[in-house]
Amino acid sequence: MATNQVSSPATARDILSGLRAIMASPSNAQAKLNKVVETIGEAVSSEVCSIYLLREGVLELFATLGLNQEAVHVTKLAFGEGLTGYIAKNAETLNLDEAASHPDFQYRPETGEEKFHSFAGVPIIRNRQAVGVLCAQHIDPRKYSNEEIEAFETAAMVLAELIANAGLIDEHSLDEPIVRDDSANRLNGLQLVKGKARGHAVFHQPRVKIEHTVAEDVEAERHRVYSAFDKMREQIDQMASLAEFGAGGEHEEVLQTYKMFAYDEGWSRRINESIDSGLTAEAAIERVQQHTRMRMRQIDDPLLAERMHDLEDLANRLLRIVSGQMGTAASMGIKKDTILIARNLGPAELLEYDRRRLKGVVLEEGSLTAHVTIIARAMGIPMLGQVKNIRQIVRDDDLLLLNVDEKAVFVRPTAPTQQAFDTQFELSAKKRAVYAELRDKEPYTKDGQRITININAGLRDDVSLLNLTGADGVGLFRTEFQFLVAATMPTRDAQQRFYRDVLEHAGDKPIIFRTVDIGGDKPLPYFKASEVKEENPAMGWRATRVGLERDGLMKVQARALVEAAAGKKLNVMFPLIAEPWEFDEAKAIFDKQIEYQKSKGKQLPIAVRFGAMLEVPALAECLDMLAGRLDFISIGTNDLTQFLFAADRSNPKLAERFDWLSPAILRFLKRVSEKADELGIEFSVCGEMGGRPLDALALLSLGIEKLSITPASVGSIKAMVRSTDLGEAKKFMEKSLLNPNRDIRGELSKWAEIQKIDLE
Ligand code: PEP
Ligand code: MG
C-alpha cells in the first residue's frame, strides 16, 4: 500500500498560534472546540479532526471537522472501546495508515467514517488521567509524520487547559472507580506500622497543577527553564555531597540516576523544543514527560521502569522549581484527614506533619526498622511500605482506605468496600477498647512471672502514653528526636527543659534516656558529623562514635540530663557501644559533669545508672569486661539484626529477607541473656521485635523478661503475656533451638494456637 505524504508537515508552532487566538476569543467553549478542530485539521491537511471528551465515564464526540455533524454529542464510546477508547484507556498515541487493520477498530455508521483510511489520535491528559482524545483521519492511507504527531500532542496539552477551564469535563467524576471490581483498586504492600485509616491522598512532594500552557513570551519561558535546570543540578549535586547520611532517604543509586538525567542534554533539548513551539515552561516539561511515559509504557522492562520513577521524580522537581512551589505538603499545611504518599521519607520530614490530620502513610519504598517507620510507630500512624507505583496510580485527593493489618490500600474504593472497611474499623476500635481494659492489669504470665513492659518514646507527648497504656516506664527514650525536629542544634537550656518536662510527667516511672544517636539514617541538616563521604553510614560515624569525638555535644547533653534529674533518679544509656572503652569514656563524660555540679553545690540526681545498648555483636563477647561498671544492657534488635545478618535495615530489598525468629538471632539472644544473668547485669530488649506478639513470645521463652516496645503494642503484648504459660514456652523454645526447623515462626505460631495464647 502506497504511503501518501501530504503537503509539508505542520509545525506545532503554527497550530499553537492558532489555538492561542481561539483561547483568547470571547466565544463559548463549544464554539472554541469547533474552531480548534478546524484549525488543526487544516494545519495537517486532514479531512477529519475530532475531539472526544470523557463525560460520565464514556467518551463523547464533542466536536468534529469532517464527520457527520449529527454525530456530535451522539457518538459515545466506552473507555477502552474502539481506537479512541484504546487511546484513552492506555494513554497512548496511535498513528495508523489503515485504521481497520488495528484489532480494536470499531466502525460507527452514524459518523460516516467508512471512507477514511488513515487515523492518528493522541490522549488529552489532565492530572495524569486521560480526559479525552484528539484524533485526525484521512481518506488516503498515510502515516502522519513525527512532527505532526508532536503537534497533536502539543495541541492536546492546550486542549486539556481549555477543557478544564470551561468545565467541560467533570474532574470530580474521575474519582469514580472506572473498574467496579475493587480487586483492581487494591494495592498490596509491606506491613510497616499496623492500623487502619481513611483519608485523602496528599503527595509529600506535591504535583504541580499546570494552569497555563500557552506561552506569552517564548524567550522568558526559555529563560525560566534554563535557570530551573541550573537550580535543579545544583540541588542534586548538593544532595550527592551530603549522601553520606542518606540525604533524607535518597540512596546512592537513585542519586546517580538523578545526576545522569539532570545533566542529560537530550532531555533539556526536548523541553526547549516544546517551548519553541509556544508552550509555557511548565507545559513543556509536562509534555516531554507525557511523551516519555508513553514510550516507556510500551517497553516491558522492570529496570527501565525503575529508572522512569527517577525521571518522574526529577521532572516533578523541575516543575516545582520552575513554578516556585518548592515546599513539601507539610510546609503547605494539610487541611483534612490525610494519607501521605511518598517514595520514601526521612524521619525529620515525617515529624513536620500535623499529627492530628495525618492518618496514614503509604511509601513506594520503606522498611520495617528504618527510623521513619519507628517514628510513625511512635506517632501511632499506620504505614504501608513497598507499594509499587502508588505515585502513578493515585491522584491528588483520591479517597484511600488504608488497611495495614491486611497489607493493603484501596484506591477510590466502591461503596461496598467502604462499608466493609467501616465495619472492620469498628471492630478494631472494640479490640482497642479491650486492650484499654488491660491498662491497669499487670502483665503476669499464667504461671505467675511478672514481665516488665516499658515503652519506647522520644516525642514530648509520648510520656503521656505511660498512663494511657499502663506501661511500667520508658525503656528507651530516643533523645535524638528533639534534635531531628529542630531547625538548629537544641541549646543546653532547651534540652534541660525538655528532659525536666519528661521526668516530671513520668512521675515515679523510670525513664532510660539514650544519648543522641545521630548519623546513619538520622542526619542532622545543621550538623555535619563526618567530614568524609561514607559508603556505609549505618556502620559509620554515628551514635556514641560521634558523641565521643565531638564531646561538646555529649557534654552539653550530659549536663542537661544531670541538671534536669536533680533530686530524681537518672538512667542513661549509650547507643552502638562496640567495645568496653567506649562505654567507659562516655560514662566518664557524665561523671565529670556530675563532679562539676557537685563542686558548684548544685543538687544532684539521687541515683545515676549507666547502661549500654547491645546493637553491635562485638559487645556480646566483652560483657564480662564491663561487669561491675555496667548497670544494664538493652538489646537493640533493629541494629543488631542488621549487623548479624549483614543486611542494611533501611534497604527495601532486604526488608523481608530475614526473620527475627531465625536460629541465629534466637540463639544469639539466648546466649547474651544467659551471660548477662550470670554477670548480674540487668538486661532487656528494646528493638521493634518486642512489639510483635509472636516475636515477643519468642523473647520471653528465651528468658527475656523485660521488654521496651512501641506504645501501640502494649495492649496486645499484655494480652499475650497474660495468656502464656512461661514454663511451657521455655520448654518449647529449648527443644526448638536444639534442632531448629527452618520455619520457627510457623512452628511457634502453631504451638501458640494450641496453647490458646492470645496473639491478636
Ligand atoms: C535498635 O537498634 O534496635 C534500637 C532500638 O535503636 P534504634 O532503632 O533507634 O536504632
Ligand atoms: Mg539502634
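This tour visits an open sheet, two helices that cross it, and a covered helix elsewhere in the predicted model.

Residues count from 1 along each chain as written, and chains are lettered from A, with ligands numbered from 1, in written order. In this predicted model local features need pLDDT of at least 70, side-chain atom pairs count only at pLDDT 80 or more, totals for chains, interfaces and linings use all residues, and side-chain values use heavy atoms, without hydrogens and water.

**The sheet.** Select the 8 strands E7-E14-E13-E9-E10-E11-E12-E8, listed in sheet order. Helices (H or I, at least four residues) and strands (E, at least two) are DSSP runs, numbered from the N terminus. The sheet is open, with mixed pairing; strands pair if DSSP finds at least two bridges between them. Go to E7 (186-188) and E8 (190-193). Each has a single partner strand, so one side of each lacks a neighbour in the sheet. From strand to strand the twist averages 30 degrees.

**Inside the sheet.** Select E9 (196-203) and E10 (338-342). They pair in the parallel sense over 4 bridges. Ala-201 has Ile-339 in E10 as its bridge partner.

**Crossing helices.** Select H12 (371-379). H12 lies across E8 and E12 (383-385), at about 60 degrees to E8. Angles run from 0 to 180 degrees between N-to-C directions of axes fitted to C-alpha atoms, for helices over the stretch in contact (heavy atoms within 4.5 Å). Next, H14 (415-437) lies across E9, E13 (399-403) and E14 (408-411), at about 125 degrees to E9.

**The covered helix.** Jump to H25 (693-701). Here 9 of 9 residues are buried (under 20% relative accessible area, 1.4 Å probe, protein chains only). Their packing partners include H24 (663-679) and E22 (706-709). Finish at Gly-703, which follows H25 and has a positive phi near 100 degrees.

Terms used
Buried means under 20% relative accessible area, exposed over 50%, partly exposed in between (1.4 Å probe, protein chains only).
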